[in-house]
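Please take me on a guided tour of the structure below, stop by stop. I would like to know what to select next and what to look for there.

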Amino acid sequence: MNTNPKPADQCRRFYGHGIPGIQLEQLTGRLIVVEGADGSGRSTQIARLVDWLETGGHPTVQVGLKRSTLVSSELEKAQEGNILSRTTLSLFYATDFADQLENIILPALKAGFIVLADRYIYTLMARDMVRGMDETWLKNLYGIAPEPDAVFYLSVEPEELVQRNLAKNATLDFWESGMDLGLSRDMFDSFIKYQTAIQAVFRRLQTTYAFNIVDANRSMDSVTKELRKKIGALLNGD
Amino acid sequence: MKTFAELNFPGRLIAVEGLDGSGKSTQIYLLKRWLEAEGIKVYFSEWNSSELVKSATSKGKKRELLTPTTFSLIHATDFGDRYERHLLPLLRAGYMVLCDRYIFTAFARDVVRGCPPEWVRGIYNFAAQPDLTIFFKADLEVSLNRILEGRPKLKFFEAGMDLELSNDPYESFRIFQGRILEQYMAMSGEFNFIVMDANLHVEKQQVAVRKLVGERIDLKQFKRRSPLPLPPPAPPDEKSIEMEEDSAA
């Protein structure tokens, strides 16, 4: 299976002002994003996709949130204390994203790799929007991001997510439960309310960004099958 | 863009801007000393000084990891942290806040580095306009000479070496500062900069700065209601002991 280079009629574009000095037509690789809450099966699906793509002869690179050389450890530390204000947290995440964008994503796309992003700007925007940040401000901020070739949003009902998270960790993550928002003092309730709110924002963003919404309440295998089918079609230029 | 006064904050914010070597830091320091002596609630905040963000910024600078985009974003993060955790609450509490550099530094520098102006301005649009912005305008050569006199080792980003303007850091610094000055002058009217002649003698400038601040801001509104606790008394020296004896006599 060969990757067909991006056809000319599917010109790559940045969502906004982009990154200074980048020639879009040089970005011949593919950018595939998998979005979804913790417990939606994101990491498992990405690991399976990497196996499948590399076996098929496609070089891949993976990126994800809070993985930059520049700020990941500082961001982690600041988050532990829950002392950052929302604008600061938002800009810190944007810095983390920009660092990976310029140092990993863009060079890999230039080299013709398939970049698999474990979450992208949509999660960052959704989290901030739930916290009342201005959508126009966020769209300007993330105007540096190139539009991916495909975005898969793994959608799982909050009631199912809570079961999966508890089965895996026997606890719920502070941030994934939106505990900073004071929705409820009860973590279980807060998790359900927060994830419901996030999903509502994702559905709204979907109308702008045209994600593929994948029903991930199903078994891992059926989700894998659907992802392979869609990505296969993309790579073959169908 | 509204000022803090227009937004009905009880506090006021004064910002100083200018090139490196324009003498603005000395001037704002002397202004702070005066306001403190007048019993006014003052807080001073410096560009790029947030504890939380500092380690990332210095790592980025030391290892030369920063691109124009991440350079811009990390400074915005730093500003956001100071703005929301210090400046806003202090301005709500009726403080006079003095800023050594404000968002205009980013508007000038980041744009010279190649970031789109609308993008940079959009990021900082959560910040209100200072009630007074003083721009210290020295001749480019004067600023350059002040910095370069001692032939200091210029830091990579400080000299604008990331822009590849010249292989010589001193030459690069000159070109870089010249471009920043152009950006500042272009926005001067839009943001109501009060332009101060920074070629003047340092003490004359301070007289002008204090006069300006006194005219623009009703300082007595910002006095502390309760005095600051006094420092512990100094140990008595011989003279004061003598005087005590005198009065006892």
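Among contacts in chain B between residues at least 6 apart in sequence, what percentage join residues at least 24 apart? In this predicted model, the share is 78%. Keep that in mind as you click through chain B, where we will spend much of the tour.

**Stop 1: chain B as a whole**

Select chain B and show it as a cartoon. You should find 9 helices and 5 strands. If you trace the chain from its start, the elements come in the order β-α-β-α-α-β-α-α-β-α-α-β-α-α. The C-alpha trace spans about 80 × 45 × 35 Å along its principal axes. Of the 249 residues in chain B, 41% are buried.

**Stop 2: strand E4 of chain B**

Now select residues 132–137 of chain B, which are strand E4. How many of the 6 residues of this strand are buried? The count is 6 of 6, so the strand is mostly covered.

Turn on the side chains here. In a regular strand, side chains alternate between the two faces of the sheet. On one side of E4(B) you will find B:Leu132, B:Ile134 and B:Phe136, and on the other B:Thr133, B:Phe135 and B:Lys137. Both faces are covered, with every one of these residues buried.

Next, add the partners of E4(B). Strand E1 of chain B, residues 12–18, runs parallel to E4(B) and is joined to it by 5 bridges. Strand E5 of chain B, residues 193–197, is also parallel to E4(B), again with 5 bridges. B:Phe135 is a handy residue to centre on: B:Glu17 stands opposite it, and its bridge partner in E5(B) is B:Val195.

**Stop 3: helices H2 and H3 of chain B**

Select residues 51–62 for H2 and 68–92 for H3, both in chain B. The two axes come within 9 Å and cross at roughly 160 degrees. Because of that angle, H2(B) is roughly antiparallel to H3(B). Their crossing is left-handed.

To see the contact itself, show B:Leu52, B:Val53, B:Ala56, B:Thr57 and B:Gly60 from H2(B), then B:Thr70, B:Ile74, B:Thr77, B:Asp78 and B:Asp81 from H3(B). Colour them by class and you get 4 nonpolar, 4 polar and 2 charged residues.

**Stop 4: helices H4 and H7 of chain B**

Move on to H4, residues 103–112, and H7, residues 169–187, in chain B. Here the axes come within 9 Å and cross at roughly 130 degrees. That angle is why H4(B) counts as oblique to H7(B). This crossing is right-handed.

From H4(B), show B:Phe104, B:Phe107, B:Ala108, B:Arg109, B:Val111 and B:Val112; they meet B:Phe176, B:Arg179, B:Ile180, B:Gln183, B:Tyr184 and B:Met187 of H7(B). By class, this contact has 9 nonpolar residues, 1 polar and 2 charged.

**Stop 5: where chain B touches chain A**

Bring chain A back into view. How many residues does each chain give to the contact? Chain B gives 26 residues and chain A gives 26. On the chain B side, H2 (51–62), H3 (68–92) and H5 (117–123) each supply at least two residues. The largest share, 11 residues, comes from H3(B). Sorted by class, the chain B side has 12 nonpolar, 10 polar and 4 charged residues.

**Stop 6: the sheet of chain A**

Finish in chain A by showing its strands. An open sheet of 5 strands runs in the order E2-E3-E1-E4-E5, with parallel pairing. Which strands are at the edges? They are E2 (60–64) and E5 (212–215), each of which pairs on one side only. Look along the sheet to see its neighbouring strands turned by 20 degrees against each other on average, direction ignored.

Select E4(A), residues 150–155, together with E1(A), residues 30–36: this parallel pair has 5 bridges. Within it, A:Val34 stands opposite A:Phe152, and A:Glu35 has A:Tyr153 as its bridge partner. Across to E5(A), E4(A) is joined by 4 bridges, also in parallel, and there A:Phe152 has A:Asn212 as its bridge partner. Since 5 of the 6 residues of E4(A) are buried, this strand is largely enclosed by the rest of the structure.

How values were computed: Residues are numbered from 1 along each chain as its sequence is written. Chains are lettered from A and ligands numbered from 1 in the order in which they are written. This is a predicted model: local features need pLDDT of at least 70, side-chain atom pairs count only at pLDDT 80 or more; totals for chains, interfaces and linings use all residues. Two residues are in contact if their C-beta atoms, placed from the backbone, lie within 7 Å. Ala, Val, Leu, Ile, Met, Phe, Trp, Tyr, Cys and Pro count as nonpolar, Asp, Glu, Lys and Arg as charged, and the others, Gly among them, as polar. Axes are lines fitted to C-alpha atoms, for helices over the stretch in contact, and angles run from 0 to 180 degrees between N-to-C directions. Angles under 35 degrees count as roughly parallel, over 145 as roughly antiparallel, 65 to 115 as roughly perpendicular and the rest as oblique. A crossing is left-handed if the near helix is turned anticlockwise from the far one by less than a right angle, and right-handed if clockwise. Two strands pair if DSSP finds at least two bridges between them. A residue is buried if 20 or more other C-beta atoms lie within 10 Å of its own, exposed if 12 or fewer, and partly exposed in between; C-beta atoms are placed from the backbone.
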